[in-house]
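User: I am new to this structure and would like to learn how to read its features step by step. Could we go through it together?

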Amino acid sequence: MRTIGREVVEAGLLAARLQAYEPGEYVGQESFMRATEIRDLATRAAIGAGTSVLDLCCGVAGPGRLIAEALGCTYLGVDRSPDAIAVARRRAGPRCRFTVADVPPVPEGGFDVVLLLETMLAFADKAPLLGAVAGALVPGGRFACTVETGAPLTAAERSLMPASDTVWPVPDAELRSSLEDAGLRVTWETDSTRAHHTAARALTRAFSEHAGDIRAHLGDAFLDDLLTAHRLWTHWLEQGRIRKLTLVATRGGG
């Protein structure tokens with residue numbers, strides 16, 4: 001019953017998400033990334049036929065399913081939510097496997113690529129996570145991720161943000177140091193702040209226009225938190241309070 005409930009919840013948000021993205025850019029992601037960005041990051045990480053990919057905190061695995069189907073890699077998605085994994089399994093093709101687990105730890109197996117999309121923000125201490133990622137990669141393996149950089153939230157900012165215990169931006173210098181300490185060398189990056197500000201603004205507008213349907217499925221409190229969070233992200237990205245980076249880092253020894 002919980003899995004069916006998850007599908008109903010998604011149905012309540014689907015129209016808004018489809019409206020917010022340009023045609024073909026929504027592929028089931030629960031994030032600010034567009035399908036074009038997902039494909040580009042996969043290419044930058046040299047994902048192709050036969051590449052072994054580990055997708056951490058995959059949720060319903062919209063980006064992972066897109067990558068596996070488009071590029072022919074082998075794919076393992078990991079998430080702590082049984083409901084999300086049940087949805088991902090129903091939607092995925094035969095190239096995809098999934099498991100329910102907390103992160104860290106990170107599954108062993110010597111992967112060519114580890115993905116962490118739109119979720120590093122939730123880890124207050126990123127150093128242990130990055131060490132675990134490096135340990136899951138073969139020498140020369142690639143870590144492909146998005147990350148929010150900026151000063152820690154102030155007490156006032158934290159009081160405004162719903163689920164603020166999952167919102168931990170990292171100062172840029174600290175990010176670079178933690179990657180280096182883990183043996184991960186940045187080999188490609190791009191600033192996604194402007195693109196993700198555009199997505200956050202479009203999602204905020206779409207959620208507002210579909211507020212009645214979202215409220216009917218999920219209630220007033222959910223809708224209020226959803227709009228509050230997206231308005232804050234829109235503001236922070238516009239003002240440069242938070243920068244959004246997309247990067248590939250390679251494990252040494254390749």
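User: Which residue in β2 is the bridge partner of Asp55?

Analyst: This is a predicted model, and in it Asp55 is bridged to Gly77 of β2. That pair belongs to the junction of strand β1, residues 52-56, with strand β2, residues 74-79, where five bridges join the two strands and the strands run parallel.

User: In what order do the strands of the sheet lie?

Analyst: The open sheet has seven strands, which follow one another as β3-β2-β1-β4-β5-β7-β6, with mixed pairing. At its edges lie β3 (96-100) and β6 (184-191), each of which pairs on one side only. Between neighbouring strands of this sheet the average turn is 20°, with direction ignored.

User: Which strands does helix α5 touch as it packs on the sheet?

Analyst: Helix α5, residues 126-136, touches β1, β4 (111-116), β5 (137-149), β6 and β7 (243-251), and its direction makes about 150° with that of β5.

User: How should I read the crossing of helices α2 and α3, and at what angle do their axes cross?

Analyst: The axes of α2 (residues 35-44) and α3 (residues 62-71) come within 10 Å and cross at roughly 60°, which means that α2 is oblique to α3. The crossing in which α2 passes α3 is right-handed.

User: Which residues make that contact?

Analyst: From α2 come Ala35, Ile38, Arg39 and Ala42, while α3 contributes Pro63, Leu66, Ile67 and Leu71. Sorted by class, the contact of α2 with α3 has seven nonpolar residues, one charged residue and no polar ones.

Conventions
Residues numbered from 1 in each chain as written. Predicted model: local features only at pLDDT ≥ 70, side-chain atom pairs only at ≥ 80, totals over all residues. Heavy atoms only, no water. Pairing = 2+ DSSP bridges. Helix = DSSP H or I, 4+ residues; strand = E, 2+ residues; numbered from the N terminus. Axes fitted to C-alpha atoms, helices over the stretch in contact; angles between N-to-C directions. Contact = heavy atoms within 4.5 Å. Parallel < 35°, antiparallel > 145°, perpendicular 65-115°, else oblique. Left-handed = near helix turned anticlockwise from the far one by under 90°. Nonpolar A, V, L, I, M, F, W, Y, C, P; charged D, E, K, R; others polar.
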